[in-house]
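Please look over the structure below before reading the briefing. The notes after it go topic by topic.

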Amino acid sequence: MGKTDGTSGTVNGSNGALDEGLDVLASVRFRRRRPWPIVLVCMVCVVALVAGGLTWMHVAYVAAQSDCESAISRRDSAVVVYRRALTKATSASSITADDVKDASVVTALGKAVSSGRLSSSQLGGGSPGCTGRVMPDRLRERARAADRSSARARSSARALASAAQKVIASRDAKTLSDAQSDLGTLVASANKLLDYSKGQVSDDATRTALSDAIARATLLVSEHSTASRSATSLASTCREQYTALEKAIADVSDSITDQSGVDCDKLKCIALTFDDGPDSSSDATIRDELERLKVKATFFMIGNTITSSDDSVIARDAKDGNLDGNHSWSHPNLTDLEADDVESQLVKTDRAITDAGGVLSGLVRPPYGSWNDTVRNQAAANGDAIILWNIDSEDWKNRDATTTTTRVVKSARAGSIVLMHSIYQSTADALPDIVNQLRAKGFTLVTVTQLLGGSPKPGWVYYGQHDMIHLGQTKQVEE
Ligand SMILES: [Zn+2]
């Protein structure tokens, strides 16, 4: 029992502890039931945090997207500016060192174009836009990339525009200085003509007009370009005044001729002659220039080069007062041929000229200036005088307008026959300067027939108005 009691006592003792434990348990249960609102609060907090976070992320995304779009828009504008500058610089690259006053600007532009050319990727080509499921960080990175492209494009555009502008300015300066230099040269010539023509013109108003044109030109020669008057505009005025001065010179020249008649014993006459045509566009240009400058000249044509397309050029010679001469059928050295062949060369060419609407002038120029008795006799039989020259422009050799002009003008003397060729553009280009400068030196430009007093004699060989060989003589005589 005692054991039981003891046990019981123990049990009783145990029951007390149990109750206590149950109480604790109950209190714990009670406590576990009570935290739910806290959990709820926590959950609300978490939801709020997540929602807040999402909202913040959305706001950040929208801001980054807007920055990105602005950066891309700036980049697109910069690329447009860059492309315009590149186009302008590339087009300015066609200006050569010869066209500018300072050749170094052309080299600098070449370098600027080669180093300033940006690749498509450098300009942001192929880069993603500002949309897509990406983090704001990525959008901001795209904005920074677009800004880097903008900076590169703007910097290149500035360098290209500046280099191109320097080339264009240098070209304009050269255009102006060339125009002023040309005008200055013509003024110097015109002043001589003004002195020379005193008392020699039929109409004194032409000299007054020349004097006025010289005065205007003289002012222009020393004028500088300003902000309100660009170099190109001033250059173009100089060119206009050049044309006006040319016309004034031509009018005085005409008036001198009117006054005296075309009497090459009294006037300082010179005859321009053109060989080897017609076979190129320069033949038409030369006739246009002669008409504009009111000058008559003599053309020695190769028969087998005359085609129906040359009819209009040849037919206008008679109307314009130019002479058509015979330069053989196929341009052989006539001294190598038998008499019959020489005759054939002359006759066939005469026929080709008349068939084309030309008028025969009774003038023949043997190719290479080569002649002998056979040639001379055949020419005489064909009713032709042999016309050689005493000034060779060497246009066939130099093919340069300035060299041709200088050579002719420096060698010119009264009674000269000048050899030129109508088949070179450089000769066509030289013609206005040759005419103006000869006129300014007091020369009257005439046809070969006018130079030779109206009646060159068949079979005679003429080198100039005063240098000739009579038929039957072998020595050159001065008359
Ligand atoms: Zn020839």
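The points below cover helix faces, helix pairs and single residues.

This is a predicted model. Two helices, α12 and α8, each have buried residues that line one face. Three helix pairs follow: α2 with α3, α12 with α13, and α7 with α13. Three single residues close the briefing: Ala179, Leu360 and Ser197.

**Helix α12: one buried face**

- Helix α12 spans residues 401–411, and its buried residues are Ala401, Thr404, Thr405, Arg407 and Val408.
- Viewed down the axis of α12, these buried residues fall within an arc of 165°, so they line one face of the helix.
- An α-helix has 3.6 residues a turn, so residues three or four places apart point the same way.
- Thr402 and Lys410 are exposed, on the other side of α12.
- The buried residues of α12 pack against two strands, β6 (391–392) and β7 (416–421), and two helices, α11 (395–398) and α13 (425–440).

**Helix α8: one buried face**

- Helix α8 covers residues 311–320, with Val313, Ile314 and Asp317 buried.
- Down the axis of α8, the buried residues fall within an arc of 95°, so they line one face of the helix.
- Ser312 and Lys319 are exposed, on the face of α8 turned away from the buried side.
- The cover over the buried residues of α8 includes the helices α7 (281–292) and α9 (339–355).
- That cover also includes the strands β2 (298–301) and β3 (323–326).
- Gly321 comes just after α8 and takes a positive phi of about 90°.

**Helix pair α2 and α3**

- The axes of α2 (residues 36–92) and α3 (residues 104–116) come within 10 Å and cross at roughly 140°.
- The two helices, α2 and α3, are therefore oblique to each other.
- The crossing in which α2 passes α3 is left-handed.
- Ala89, Thr90 and Ala92 make the contact from α2, while Leu109, Ala112 and Val113 make it from α3.
- By class, the contact of α2 with α3 has five nonpolar residues, one polar and no charged.

**Helix pair α12 and α13**

- The axes of α12 and α13 come within 8 Å and cross at roughly 35°.
- α12 and α13 make a right-handed crossing.
- On the α12 side, the contact has Ala401, Thr404, Thr405, Val408 and Val409.
- On the α13 side, these residues meet Ser426, Thr427, Asp429, Ala430, Asp433, Ile434, Gln437 and Leu438.
- The residues of this contact between α12 and α13 divide into six nonpolar, five polar and two charged.
- Among the α12 residues in this contact, Ala401, Thr404, Thr405 and Val408 are also buried.

**Helix pair α7 and α13**

- The axes of α7 and α13 are 9 Å apart, and the helices pack at an angle of about 5°.
- α7 and α13 are therefore roughly parallel to each other.
- From α7, the contact takes in Ser282, Thr285, Ile286 and Glu289.
- From α13, the contact takes in Gln425, Thr427, Ala428, Leu431 and Pro432.
- This contact of α7 with α13 has four nonpolar, four polar and one charged residue.
- Thr427 of α13 takes part in the contact with α7 and also in the contact with α12.

**Ala179, in α4**

- Ala179 sits in helix α4 (residues 136–196).
- Ala179 counts as buried because it has 23 C-beta neighbours inside 10 Å.
- Apart from neighbours within four places in sequence, Ala179 is in contact with Ala235, Cys238 and Arg239.
- Ala179 and Tyr368 lie 189 residues apart in sequence and 38 Å apart in space, C-alpha to C-alpha.

**Leu360, in β4**

- Leu360 belongs to strand β4 (residues 360–364).
- With 17 other C-beta atoms within 10 Å, Leu360 is partly exposed.
- Its contacts, leaving aside neighbours within four places in sequence, are Asp324, Asp350, Ile353 and Thr354.
- Leu360 and Arg239 are separated by 121 residues in sequence and by 38 Å in space, C-alpha to C-alpha.

**Ser197, in a loop**

- Ser197 lies in the loop between α4 and α5 (204–222).
- Ser197 counts as buried, with 21 C-beta neighbours inside 10 Å.
- Not counting residues up to four places away in sequence, Ser197 touches Arg207, Val252 and Ile256.
- Ser197 and Ala440 are 243 residues apart along the chain, yet their C-alpha atoms are separated by 9.6 Å.

Notes:
Residues numbered from 1 in each chain as written. Predicted model: local features only at pLDDT ≥ 70, side-chain atom pairs only at ≥ 80, totals over all residues. Buried ≥ 20, exposed ≤ 12 C-beta atoms within 10 Å, placed from the backbone. Helix = DSSP H or I, 4+ residues; strand = E, 2+ residues; numbered from the N terminus. Arc of directions from axis to C-beta. Contact = placed C-beta atoms within 7 Å. Axes fitted to C-alpha atoms, helices over the stretch in contact; angles between N-to-C directions. Parallel < 35°, antiparallel > 145°, perpendicular 65-115°, else oblique. Left-handed = near helix turned anticlockwise from the far one by under 90°. Nonpolar A, V, L, I, M, F, W, Y, C, P; charged D, E, K, R; others polar.
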